[in-house]
Amino acid sequence: MNKFLIIYLLCMLSSLASAQDLVFRKGKDVSIFMPSTGEPVSETAFQMLASDIEKVLDAELVRVKKETKAHIVAVLDASMPREGFHLQVEDGKLLIHGADAHGLAYGLLEVSRLIGVSPWEWWADCTPYKANVFLRAGYSTEQSPAVAYRGIFINDEDWGILPWSGGVIGPETNERIFQLMLRLRANYYWPAMHEVSQPFFTIPGNREMAHKYGIYIGGSHCEPMATSPAKEWEMRGVGDYNYVTNSEAVKNFWQERLEEVKGQDIVYTIGMRGLHDGSMQGTKTKEDKLRYLQQAIDDQREMLRSTVNVDVASVPQVFVPYKEVLDIYRSGLQVPDDVTLMWTDDNYGYIRHFPDSMEQMRAGGNGLYYHVSYWGRPHDYLWLGTFSPFLMRQQLTEAYQRGIQQMWVLNVGDIKPAEYLIEDFLNMAWKGLRGRTDGRQELQAFFKREFGKELADTITSVMVKHYQLAFDRKPEHMGGTRVEEADRAHWNIFRPIEGWSSDDVEQRVKDYRYLSDIVEALSDKVPAARRDAYFQLVKYPVQAAAQMNFKFLSKQSYEQAYDSIVSLTHIYNSNPKWKGIMNMAPRKLAVFNRVQAPLVYPEEESAHFLFNAETWQHVSKGDSLVFVFESDAKKITLDVRLLPTHPIEEGRLSFSVSLAGTSPIVADFQTYDRSEEWKQNVLRNYAHRCFVLPLPKTSDGDMRHSLVFRAVTEGVYLRQVSFSPAP
C-alpha cells in the first residue's frame, strides 16, 4: 500500500511541476512566438538558439504565430534600458522582453546559457551536453549593459589568427568572431590592422557580416575615419601619409571611405597618428603636433557632418590619447564635447589617466582601451594569455567607479589562449559593479560551468596560482631579454632576473612542477566531451608556462623543456580545427630559443617580511598600516614594493614610512612612459623604494619596533614590506 502511495504522490508532484515549471525534453520541439524586430541581429540570435536547442535536445525551435501556442514568447519592450532584456518563467512559458533588437538577441542567447551552452561552445570546443532542461516557475532575470559599447580588438595577428584563417580574416572568420561576441554580449569590434592583413572594409562580405550580428565597427588609435592606413595607404593613398605636407590627399583618403560606409553602424575614431604605431608624421615639436592634430580633428568633424549626418554630435566618435597623444591632449588639444575620450593602459595593464571632474561631465563620456596581449617594449607577451585577471578586475573597477562607462575595448591578440580574460572583461563591461564578486569566485564559476562542480575547485586553485606566478614574471619575460632597445645584441642575451635568489628559483620550480602534475592528473577525470576544451583552457597554458620556467630555471628539466613546449604546441595544432592557431615563438624572439644551461642565481639571505600579500592591499589616501617587528640591528634596509600604478587625481603617487617616534619619510613612485624604471616595473609588476633606517635604542633590551606605512595619495597598492640588517 505504501509503495503505491509513493508512486501516486510522485505522479502528482510531476504533474504539478509540469504545470508550473517549463520543461524542455529531449526529442521534443520547442515553440517560440517572436515577431520580427526589423533588425537582423535578433534573427541571427534566433538561428543561434535554434542550433543550440538542436545540439542539447535533438529538437527544433519552431516559430509559431500565436502566443498561446508557444513555449517561449519573445517580444520588444521599449520601456527597458538600451540593449536590456528580462526573462521570466510564468504559467509554464518563458517570457523574453527585449528593449530593442540587441536586447532581444541577448535575451535569446541567455536561454542558450540556461540550457547549458557555453559562450565558448565553438571557440574552445566546450561541446554542449544532451539533457532535459527544467526552468523553475518564478525564475526571473533582468539585465542591461553597464558600458554602452563593449568590444574586442584582434591585434598582432601575424602568428595566430591570420595564418589559421588562411591568410585573410574575411567574413567566414569574422562570423565566428561575431558569434562569440554576441554570446558574450559585445557589440563593438576593432578588426585586425597589421600590414600583413587585408583591411576589413576592402574584403567583400565583412560589412554585411557585421550588420548581420549587430556589430559596430571601429578602429584603433591609428585608424581614423574607418580606414586602416598601415596597409590601406599603400593600396589607395597618394604620396606620403603626412598631414603637414599632404593634407588634401589624406582627406581624400578618409572621404572615400566615408562615402562607402556612411550607412554602416560605425564608431568613428578621430585624430591621427603615423601609418602604424608611430607618432604623427611631419611634426617635430610638441607645438607642431598640437597644431596639426587639432586641424585634423576639425577637418574630420566637418567631413562627418557633411557626409554622415548633419547632426554630427549624434555620430558615435572616439578619440584615443594613446602613448605620445596623451601628452598632446594635456597640452591643450580641444576635443569636441560629444566625442568619447578613450583612455588607455600603459600596455601592461596599468591605466595611465583617469578622467577628472570636467572630463566625467562630457556628453561623449569616457572609454577605455585595455591590453591583455601586447607587442612592444620592454618585451612582448603574445603567447600564453597569462595576464592577471585580478589586476584587470582591480583596474576596471577603478575605471568604472571614476566614470569610464561609455566604451571598453580589450586587445585580445588572437583570442586564443585569452578566453577567460575576454569573458571576464566583457562580463564586467556588462555588469559594471552590480552583483560584483571577487576574482576567484568569477574564475570558479567559469570552470564549474565548463568542467563541472567536482573539478572546479581544484582547477580554480591551479589557475589562481598559475596567474599569480605569471604576475611575478610572465613566461615570455623569463629570459631577462628585451625588445626594441638600441643595443639589441646586449638585450638578446639571457640573464638572471634581478632580485631573485636561488631559494626563489627553487620555490618557483617546485610550484610549477606541482601545477603541471595536478593538471596532468586531472586530464583523465575530465568528461570526454570536454577534453579538447580542457587542453585549450587549462593544460596547454599551465604546462607550457611551466616548461618555459623549467627551461631557464631547472637543472633537471631545462634540456627537455624546449622539446616539451614543441610537443604541446604540436598537439594543439594537430587538431584540424585549430591548425596554425598556436605559435610557440611569436616574432621568433630570443626568449623562445633553446638554452645551453639554466641561469645561475645567487644564494642570498632571505628578507624578513613585515607584509607579503598574495596579490596586493589597497591603502586609501591618509590611511596607515602599522607593522611591529623585532630586530637587534643598529639599522635596517627597508624594501617597500607596490603596484606600479599611475596617478589618479593629484598628478603624483606617494607614500610615507616612519619608525615610531621619528618623522615620516615621503617617497614618490610615479614613473613616466618608457623610462628605464617603468620598464623594470612592468616586467616584475612592482615599483619599489628602499630606505636605510637607524633603529632607535630601546630600554631594557626590548627589540620591538613599530613601522608606520601611510598612503599620501590615492592609487597606492601595497605588495610587500620587508627588511634586512643594514651593513
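## Strand β14 and its neighbours

Let's start with β14 and β15: these two strands run parallel and are joined by 4 bridges. If you want to find one of the paired positions, look for W343, whose bridge partner in β15 is L368. Keep in mind that this is a predicted model.

β14 has another partner too. Strand β13, covering residues 317-319, pairs with β14 in the parallel sense over 2 bridges. Here F319 is the residue that stands opposite L341 of β14.

How many of the residues of β14 are buried? The count is 5 of the 5, so β14 is largely enclosed by the rest of the structure. T340, M342 and T344 point one way, L341 and W343 point the other way, and all of them are buried.

## A strand with two unlike faces

In a regular strand, side chains take turns between the two faces of the sheet. Strand β18, residues 624-630, shows the alternation nicely: L625, F627 and F629 sit on one face and are buried. On the other face you'll find S624, V626, V628 and E630, which are not buried.

β18 has its own pairing, this time in the antiparallel sense: 7 bridges link β18 to strand β23, residues 704-711. F629, one of the buried side chains of β18, stands opposite H705 in β23.

## Odd spots in the backbone

Most peptide bonds are trans, and most residues other than glycine have a negative phi. A few places in this model go the other way. The bond from R377 to P378 is cis, with omega near 5°, and P378 lies in the loop between β15 (366-371) and α12 (389-401). The bond from K416 to P417 is cis as well, again with omega near 5°. To find P417, look in the loop between β16 (407-413) and α13 (419-431).

Then there are positive phi values. D125 has a phi near 55° even though this residue is not a glycine; look for D125 in the loop between α3 (101-114) and β7 (133-135). N347 isn't a glycine either, and its phi is about 80°. Its place is the loop between β14 (340-344) and α11 (357-360).

Are these two loop residues buried or exposed? D125 has a relative accessibility of 10%, so D125 counts as buried. N347 is buried as well, with a relative accessible area of 3%.

## A histidine in helix α3

Helix α3 is home to H102. At 13% relative accessibility, H102 counts as buried. What does H102 touch, leaving aside residues up to four places away in sequence? The answer is V41, E83 and G214.

## The whole protein

Now zoom out. The secondary structure adds up to 20 helices and 24 strands. The radius of gyration is 28 Å, close to the 27 Å that the globule rule gives for 727 residues, so the protein is as compact as a globular protein of that length. Taken along the principal axes, the C-alpha atoms fill a box of roughly 85 × 85 × 50 Å.

Of the 727 residues, 59% count as buried. Among contacts between residues at least 6 apart in sequence, 76% join residues at least 24 apart. The accessible surface comes to about 30,000 Å², and carbon and sulfur atoms account for 50% of it. As for charge, the protein has 80 positive and 93 negative charges, and their mean positions are 3 Å apart.

Methods: Residues numbered from 1 in each chain as written. Predicted model: local features only at pLDDT ≥ 70, side-chain atom pairs only at ≥ 80, totals over all residues. Heavy atoms only, no water. Rg over C-alpha atoms; globule rule 2.2 N^0.38 Å. Buried < 20%, exposed > 50% of the residue type's maximum accessible area, 1.4 Å probe, protein only. Contact = heavy atoms within 4.5 Å. Areas by Shrake-Rupley, 256 points an atom, 1.4 Å probe, with all protein chains shown as cover. Lys, Arg positive; Asp, Glu negative; His and termini not counted. Charge placed at Lys NZ, Arg CZ, Asp CG, Glu CD. Pairing = 2+ DSSP bridges.
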